[in-house]
Amino acid sequence: MVRSSALAFRHVAAALTLVAGMAAGQGAIAASVPLATDILPSGVPLPVPAPVFVPPPQDASTQLLGNAGGVRPWLAARGVQVTIQDVEELWGLLAGGAHPGPTYDGMTAVALSVDSKAAFGWEGGLFNISALQIRGRSFTGERLGALNPVSGYDAGRSTRLFELWYGQSFLHNQLDVRVGSIDLDTEFLVSQNASFFLNASFGWPLSTSSNLYSGGPSWPYSAVGGRVKWTPVAPVVLMGAITDDNPTRGPFYSAIDPAQRDPSGTTFSTSGGTLFIGEVQLWLDAARRLAGKDAPALPGTWKLGALYDTGRFPDQRFDSQGGLLASPASNGTPFYHRGNWLAYAVLDQTVWRRKKDSGKTINFFTRATVNDGTRNLVAVEVQSGFTFDELLPGRPDDTIGIAWGAGFYGRRALQHARDALRLGTSATGMLRPEHHVELTYQAAVTPWLIVQPDFQYFLHVGGVSGTGDNGRSLRHAVVSGLNVTTTF
């Protein structure tokens with residue numbers, strides 16, 4: 001049946017946020033084991049909200065190739081696990097935007113992990129390597145012109161290494177350490193419910209992708225560094241990471257796409273600044289705390305975090321000689337500040353469940369970021385939305401979601417825009433916050449095939465009040481898309 005297998009697939013994703021909710025007497029889930037869905041930047045299947053994590057049964061029907069003629073069980077007995085995921089997307093403009101027309105993008109991801117105990121008799125170790133093949137064209141860059149990409153897969157074409165790391169757990173899996181080339185956005189700054197949506201900013205937000213070198217160590221880029229995850233006492237999780245801040249080793253402003261600068265993902269840069277990030281997670285069941293243990297479970301995850309980058313970051317208003325960047329006499333080179341920071345809060349909360357043990361739920365998320373308005377284009381970003389599980393009769397494994405997000409410019413970016421209007425050097429007009437609203441429906445067609453039609457509305461496309469290069473108004477845009485994800 002599709003239901004039981006699809007639920008097993010959704011339970012795999014549950015480990016990411018429910019690991020902190022394990023009671024001490026139940027033991028801990030090894031944090032070093034990556035989720036099958038970690039390699040997906042958007043459109044991630046949601047878990048069934050539950051008060052504790054129950055490991056899913058091994059079910060070959062959730063993969064198109066099944067046991068692959070006995071190869072998968074043979075590898076599993078030796079500690080080796082291989083996952084293959086393929087994503088195909090088609091996007092089109094229904095109204096507004098810059099250049100009407102359809103656009104295709106796609107990705108194939110392969111991940112291999114080796115459990116050190118099964119392979120070598122070494123307790124608690126895990127080796128992980130993954131690779132991406134990204135294809136197609138950029139709908140956002142070529143047709144829409146928005147700041148917020150319509151999809152996490154709207155990235156530069158390349159065939160590249162994604163992650164390469166070794167993890168080791170200690171203290172009965174309460175402490176986990178990873179070292180190697182790591183991607184931060186699978187664990188830090190992530191909202192489980194937000195990652196269900198396709199717009200890329202619901203994954204790694206605009207406030208980091210626009211303010212860090214190459215967008216920071218986030219999909220499809222990783223950076224050399226290490227990560228520590230500690231569960232001192234349920235339900236608290238503490239995480240910290242230190243990585244290089246420039247995954248593709250390029251300048252802050254460049255006409256060369258980061259994927260072209262490092263097309264293979266093997267730069268392993270250590271020449272930039274250092275990025276520090278830390279996060280505190282608190283897991284709780286609001287209903288049982290307020291109404292007793294017999295109340296329907298309403299689990300939630302609350303997160304607070306911050307990052308600091310020691311690199312050099314451009315001022316948004318002044319040039320290297322102290323003059324205005326908008327001035328015709330400017331040398332065009334911004335003044336560079338040392339260091340940059342960002343603080344954030346994330347909330348994922350189940351707000352309604354039909355009855356005890358029911359999978360029919362309504363879930364809420366919100367995420368907010370704030371950073372320095374001097375050296376960052378986007379100084380404040382807010383996102384919020386709802387997901388609805390099992391809402392449609394006869395479709396127990398489907399999810400519907402609606403979400404909104406907006407990024408607000410820093411004060412010096414706004415001052416620069418006013419300077420340009422006053423001095424007659426503006427090409428775009430005044431800056432306006434770009435708002436985006438997404439309505440999406442994820443359907444489990446088979447245990448291994450998910451189809452996700454998607455609609456997005458943009459206000460102030462590109463964050464400006466002007467027109468595109470073809471004279472079309474960029475005030476509004478309506479986008480439709482289709483995502484098809486297959487697990488092999």
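This is a short tour of a predicted model, stop by stop, with a selection to make at each one.

**The whole chain**

Start with the full protein chain in cartoon view. Its secondary structure comes to 8 helices and 16 strands. Of its 488 residues, 54% are buried. If you switch on the surface, you are looking at about 19800 Å² of accessible area, with 63% of that belonging to carbon and sulfur atoms. For contacts with a separation of 6 or more, 71% are between residues 24 or more positions apart.

**A nonpolar patch**

Keep the surface on and select Leu94, Val351, Trp352, Phe386, Ile402, Val437, Leu439, Phe455 and Tyr457. Together these residues form a nonpolar patch on the surface, with about 780 Å² of accessible area. Which strands each supply at least two residues of the patch? Colour strand 10 (334-353), strand 14 (434-446) and strand 15 (449-459) to see them. Then pick out Leu94, which sits in strand 1 (residues 80-96). Leu94 counts as exposed because its relative accessibility is 55%, above the 50% cut-off.

**Two cis peptide bonds**

Next, show the backbone at Trp219 and Pro220, which are joined by a cis peptide bond with omega of about 5°. Pro220 belongs to the loop between helix 5 (206-209) and strand 6 (223-233). Follow strand 6 onward to the loop that links it to strand 7 (236-244), where you will find Pro235. Here the peptide bond from Ala234 to Pro235 is also cis, and omega is near 10°.

**Two positive phi values**

Now select Leu189, in the loop between strand 5 (175-182) and helix 5. Its phi is near 65°, a positive value in a residue other than glycine. Is Leu189 buried or exposed? With a relative accessible area of 1%, Leu189 is buried.

Move on to Arg249, in the loop between strand 7 and helix 6. Arg249 is another residue other than glycine with a positive phi, near 55°. Its relative accessible area is 46%, so Arg249 counts as partly exposed.

**A contact across the sequence**

For the last stop, go to the loop between helix 6 (258-261) and strand 8 (274-285) and select Pro263. Pro263 is partly exposed, at 46% relative accessible area. Which residues does Pro263 touch, leaving aside those up to four places away in sequence? Show Ser158, Thr159 and Arg160 as sticks: these are its partners. Draw a C-alpha to C-alpha distance from Pro263 to Ser158 and you should read 5.5 Å, although the two are 105 residues apart in sequence.

Definitions and conventions:
Residues are numbered from 1 along each chain as its sequence is written. This is a predicted model: local features need pLDDT of at least 70, side-chain atom pairs count only at pLDDT 80 or more; totals for chains, interfaces and linings use all residues. Side-chain values use heavy atoms; hydrogens and water are left out. Patches are made of residues with over 30% relative accessible area and no salt bridge: like charges are joined within 9 Å, nonpolar side chains (Val, Leu, Ile, Met, Phe, Trp, Tyr) within 5 Å. Accessible areas come from the Shrake-Rupley method with a 1.4 Å probe; for residues, only the protein chains shown count as cover. A salt bridge is a side-chain nitrogen of Lys or Arg within 4 Å of a carboxyl oxygen of Asp or Glu. Helices (H or I, at least four residues) and strands (E, at least two) are DSSP runs, numbered from the N terminus. Buried means under 20% relative accessible area, exposed over 50%, partly exposed in between (1.4 Å probe, protein chains only). Contact means heavy atoms within 4.5 Å.
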